[in-house]
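Student: I would like to learn how the words used for a protein model are justified. Could we go through some of them together, setting each value against its cut-off?

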Amino acid sequence: MAGSRWRYGLADFLAAAFSAFLAASRSAFLAASRSAFFFAARRSALSSLAVFLGADGESSAAAAAAADEQNEVKEASLIFEEVWADLVDDKGGGDELRLSFPREVVWLNGAPGSGKGTNTPFIAAARQISAPPIVMSSLLDERFAAIKASGALVSDRVVLRALLDELTHERYAHGAIVDGFPRTEVQVQLVAALRARLHALRERAPERFSRPRFRVAVLFVDEATSVERQMARGERVRAHNAEVRRTGIGELLEERATDTDADVAHARYKLFAEHYSTIRKLGELFHFTVVSAHGTVAEVRERISAEFKYQSSQELSTDTFDVISRLPLAEHVARNARQALVQRLDAAQRTDARRFERTVAFVESHMAPRVRRNVYAGETWFAFTRMRTDTAHLIADVLTERGFRVVWRRLPLHVA
């Protein structure tokens with residue numbers, strides 16, 4: 001028995017009618033059998049469903065984007081493992097348990113002209129961080145000044161190593177504010193990898209490593225305000241430097257190109273906007289705060305204080321977290337799911353190739369045709385009698401490997 005449910009627009013009426021028919025048919029079926037396995041093979045999009053049907057339903061652009069994202073994740077993983085291994089050798093003498101990292105890290109980013117230098121002390125006070133901020137543009141060695149001046153980015157390996165070296169200093173034990181990192185997709189993945197590694201160290205040595213707390217704070221102003229502030233800052237710097245040259249008293253300040261050319265200032269803001277869309281992904285992993293930097297310094301300070309106070313009220317205590325954290329994170333389960341699926345399918349083929357072939361042939365001959373007929377529904381249900389549980393598992397794995405979301409359950413007979 002098979003049926004489909006269509007949940008889109010004008011099909012609602014037909015779906016209701018068909019559901020009534022399906023319910024009646026299912027009742028009759030249960031009355032005639034001891035038990036049944038119901039399968040739902042579903043894809044949320046027709047283009048994804050077409051994978052099983054042998055059609056190319058995805059656009060090349062979407063496929064390329066997905067491939068790029070996967071490559072960036074792999075690249076970040078390789079970079080992190082290489083840099084981490086070097087760090088363990090250099091700073092830990094080959095033992096990562098000898099490393100030391102901050103209990104809390106605030107990853108600070110902001111629009112040009114949002115006043116990061118002015119507002120960073122307010123963030124530090126709100127989080128009770130006494131160490132000076134780690135400003136990435138200042139942290140990188142002078143050897144890379146020419147690269148930065150050209151507008152290019154220093155390699156992620158160099159940036160990550162410089163950052164991890166700094167974070168291991170004892171002065172950051174209670175907390176650190178990192179200004180200007182991450183910015184790229186790879187750097188976002190590196191932050192996620194660092195958090196995962198610190199969680200692993202916490203599990204191995206809870207007496208030495210505290211629960212890592214990562215936060216992202218973004219100071220925001222709109223483009224017009226950003227450019228206006230950059231131009232005003234340039235005027236102030238030029239006036240200051242002119243006075244220093246005239247009197248010989250004081251020190252010259254850096255005159256930034258972005259503070260003297262409105263077109264360059266606009267381009268700098270657009271670059272921030274591109275970075276923001278990438279950084280926003282970290283909001284899926286830990287606290288992500290956007291603070292409006294419009295208005296007076298006092299107003300911005302009040303917003304920062306209120307936002308971080310609210311965040312603290314949303315946090316579990318360390319004792320509560322330690323108990324709950326014995327359960328795996330959903331992201332970890334999902335990360336290993338593909339590997340487990342492949343192992344199960346290979347084991348099924350290796351231990352009983354004939355049964356494996358028969359199962360695939362059954363899916364191909366009895367299930368695939370119905371899926372094709374119901375392609376526009378997005379969901380197809382199947383019911384079978386006298387099916388072994390291990391066979392049901394194998395069918396589910398085969399369909400999952402082909403890109404379907406599969407749910408199956410055994411329904412016992414209920415006699416009224």
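Student: Why does Ile279 count as buried?

Tutor: This is a predicted model, and in it Ile279 has a relative accessibility of 2%. Buried means under 20% relative accessible area, so Ile279, at 2%, counts as buried.

Student: What does Ile279 touch, not counting residues up to four places away in sequence?

Tutor: Ile279, which has its place in helix 10 (residues 262-279), touches Asn109, Pro182, Arg183, Val188, Val216 and Phe288. For a contact, heavy atoms must lie within 4.5 Å. One of these partners, Val216, is 63 residues apart from Ile279 along the chain, and yet their C-alpha atoms are separated by 8.4 Å.

Student: What makes strand 3 largely enclosed by the rest of the structure?

Tutor: Strand 3 covers residues 104-110, and seven of its seven residues are buried, so the strand is largely enclosed by the rest of the structure. In a regular strand the side chains alternate between the two faces of the sheet. Here both faces are covered, with Glu104, Val106, Leu108 and Gly110 buried on one side and Val105, Trp107 and Asn109 buried on the other.

Student: How do you know that strand 3 pairs with strand 6 and with strand 5?

Tutor: Two strands pair if there are at least two bridges between them. Seven bridges join strand 3 to strand 6 (residues 213-220), and four join strand 3 to strand 5 (residues 176-179), so the requirement is met in each case. Strand 3 runs parallel to strand 6 and also parallel to strand 5. As examples of bridge partners, Val105 is matched with Phe214 in strand 6, while Trp107 is matched with Val178 in strand 5.

Student: Why is Gln128 called exposed?

Tutor: Gln128 has a relative accessible area of 71%, and exposed means over 50%, so Gln128 is called exposed. The place of Gln128 is in the loop between helix 4 (116-126) and strand 4 (134-135).

Student: What is notable about the phi of Gln128, and which residues does a cis peptide bond join?

Tutor: Most residues other than glycine have a negative phi, and most peptide bonds are trans. Gln128, although not a glycine, has a positive phi of about 55 degrees. The cis peptide bond joins Phe181 and Pro182, with omega about 0 degrees, and Pro182 lies in the loop between strand 5 and helix 8 (185-204).

Student: How many of the protein's residues count as buried, as a percentage?

Tutor: Of the 416 residues, 39% count as buried, in a protein with 15 helices and nine strands.

Conventions
Residues numbered from 1 in each chain as written. Predicted model: local features only at pLDDT ≥ 70, side-chain atom pairs only at ≥ 80, totals over all residues. Heavy atoms only, no water. Buried < 20%, exposed > 50% of the residue type's maximum accessible area, 1.4 Å probe, protein only. Helix = DSSP H or I, 4+ residues; strand = E, 2+ residues; numbered from the N terminus.
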